Amino acid sequence: MNRESSSEIKPVVNESGIEIKPVYTPEDIAASGGSKRIGMPGEFPFTRGIHRSMYRKQPWTMRQYAGFGTPEETNGRFRYLIDNGQTGLNVAFDLPTQVGLDSDDPMSEGEVGRVGMAVDTLKDFEIAFEGIDLDKITVSLTINGAAPALIAMYFAMAEKRGYDVARLRGTAQNDILKEFIGRGTWVFPVEPSIKLVGDTILYCAENAPLYSPVSVCGYHIRESGANPVEEMAYAFCIAKAYIDHVLARGMAIDDFASRLSFNFDIFGNLFEQVAKFRAARRLWATILKEKYHAADPRSMWMRMIAGGGGAGLTVEQPQNNIVRGAYYALVSALSGTQTMALCCYDEAYTIPSEAAARISLRTMQILMEETGLCDTVDPLAGSYYVETLTNQMEERIRAVMAEVDAQGGIVKAIIEGRIQDAVSRQALDRVRKLERGETRRVGMNCYRTEEDEERPIEFHPFKEEVAAEQIARLDRTRAERDHDAVRRALDRMHADADKERNVMPAVVEAVKQYASVGELTKCLVEVYGRYQEPVYL
Amino acid sequence: MVVDRKIRVLVAKPGLDGHDVGAKVVARSLKEAGFDVTYTGLRKSPEEIVRRAQDLDVDVIGLSLLSGSHLSFCRRLRALRKEHGLRDVLLLVGGVIPEKDRQALKDLGVDGIFPAGTPLDCVAEFIRTNVS
């Protein structure tokens, strides 16, 4: 048998549609666009990383997504993670909070404190962050539809504890456009939703210049069915929509662009993901420089949290997810991420247990301490394969972005439901490929045994009494607060929304007076209305 | 007179959870399998789902639940089904449904449970077998 016979080698095409050769050479780099734009770490176009020394100077931040039940319980989990060496927090809110409802709203029944921490007023934030030094631990809030209220609460809580908001660091997810594509915690129609994101960017630029008010998420778009190229392309189109909006309101690009950050997904082909991030970093820097004429290099940085990998994990043989998490973390480090978070091995079916959360944390720590990944920057640079793939991925991301623009832009596509439709078609395709075994998933469609059917699974215990506790606290807070001050702040916010002024100063004032998330949202709905979802099938 | 019509399915996303990748995948696959499928979109109350099911005169209601609120939701739905004479409509639940809750769901009137990872064809097959 001739081992070199090419007929034995099956063609391989990665998820982004790029055909992978069995061997790469310098000619492949040259043919895909050359190596001129690789550059040096910390220098434009930042292919190799946004900082010169990367992890030699400071390793990635470890920021597991956490929160459930009452603020007291969540505070306990936060402290546990910090005691175990976690360097950042990433707050999970329950669904009522995420869609702007109070715990006592009839629509909240059965959901209070279930998939995240319940928050009604500033009181809850005071409890959740008690004893946590906000100078040492940066906090990321996974909040979108209700972001203005929750960002305001974070600032109010910090200020009350004596921190200077002007020096406060942290991040809010606050990427509402992706919520219309995946994840679904929208509240207001698309246009006013963008306006509110703009309000937070403008407010932070002026009052909290070190805070990152938006983390644009390719993550959930990919989880919803998009491939890696579309993940980056749609995220960049969304980020551009926010930038265009803020520029139109008169702010200069270098006064806010450096505070925008990104959130991306890792699962699947290792090299495709690494090339995706290197390509995207270069493309984002180029867009900021050439299209937006940014002068400050920081405005050109694609800062990111990368990890997760929810769609790569399986309910079957859940311990395998620990191994997958380790590979995703490896990809994240090889890609020059700023922050890492991993889905826990039990997260495909429940709120992570303490043990599962710790294993995710240890996975990142082992990578950091034992494997030499922090010793040198962008260790895959110069690889014939990775550089070729980086060039090819960049070209494809550009092409998808151009396609979106040619069809009238991302905002129009989202309003019409076209992106949602395309992505959900691909989700079905993804499932079919798994069912047919074309995409292999260990323990799910291969290497499965009979005993897998009787796997012992531990579920996070949900306490029905959380809702009652939360409602009792909300009632007490409402009874004790200064009613006139709350009313005045809400009236001011209503007027500001109505007159298209920035609502954030009034929102901050209202939360300081213990106005609730539900009250704030209702008041804004009066002005903006509610989103009507276009349902496609 | 027997009217030969496609089996009508309402795929619904109850409660506040916005993760509807699975709901849409199932809805699309059922459509491809030849059913007449409507998807409700997000955040539907039990009342809205029942009303929609009546308006569309469906044979099947499929609920997608991932947040863990399946028991409390199906409890609320049971009374409404009785009240509106929808007991003949096949009720299916899919998503993150722990083994320990499955009997309780059946006791609440759920006819079929399809946890995440169920092959899509199984859902179609179950509907064909059980809609008379």
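**Exercise 1.** Which helices are included in what covers the buried residues of α16(A)?

*Solution.* A word on the model first: it is predicted, with local features needing pLDDT of at least 70 and side-chain atom pairs pLDDT 80 or more, while totals for chains, interfaces and linings use all residues. Residues are numbered from 1 along each chain, chains are lettered from A in the order written, and side-chain values use heavy atoms, without hydrogens or water.

Step 1: take helices as DSSP runs of H or I with at least four residues, and strands as E runs of at least two. Step 2: list the residues of α16(A) that are buried (under 20% relative accessible area, 1.4 Å probe, protein chains only); among them are I419(A), V423(A), A427(A) and L434(A). Step 3: look for contacts (heavy atoms within 4.5 Å). The cover includes α6, α8, α9 and α15 of chain A, together with α1 and α5 of chain B.

**Exercise 2.** Compare the expected span of α16(A) with its end C-alpha distance.

*Solution.* Multiply 1.5 Å by one less than the number of residues. The 19 residues, 418–436, should span 27 Å, and the end C-alpha atoms are 27 Å apart, so the two agree. Just after the helix comes G437(A), with a positive phi near 80 degrees.

**Exercise 3.** Describe the ring pair of Y55(A) and W60(A).

*Solution.* Rings of Phe, Tyr and Trp (its six-membered ring) pair with centres within 6.5 Å; planes under 30 degrees apart are stacked, over 60 edge-to-face, the rest tilted. The whole structure has 20 such pairs. Y55(A) and W60(A) are edge-to-face, at 4.9 Å and 85 degrees. Y55(A) is buried at 8%, as is W60(A) at 2%.

Definitions and conventions. Buried < 20%, exposed > 50% of the residue type's maximum accessible area, 1.4 Å probe, protein only.
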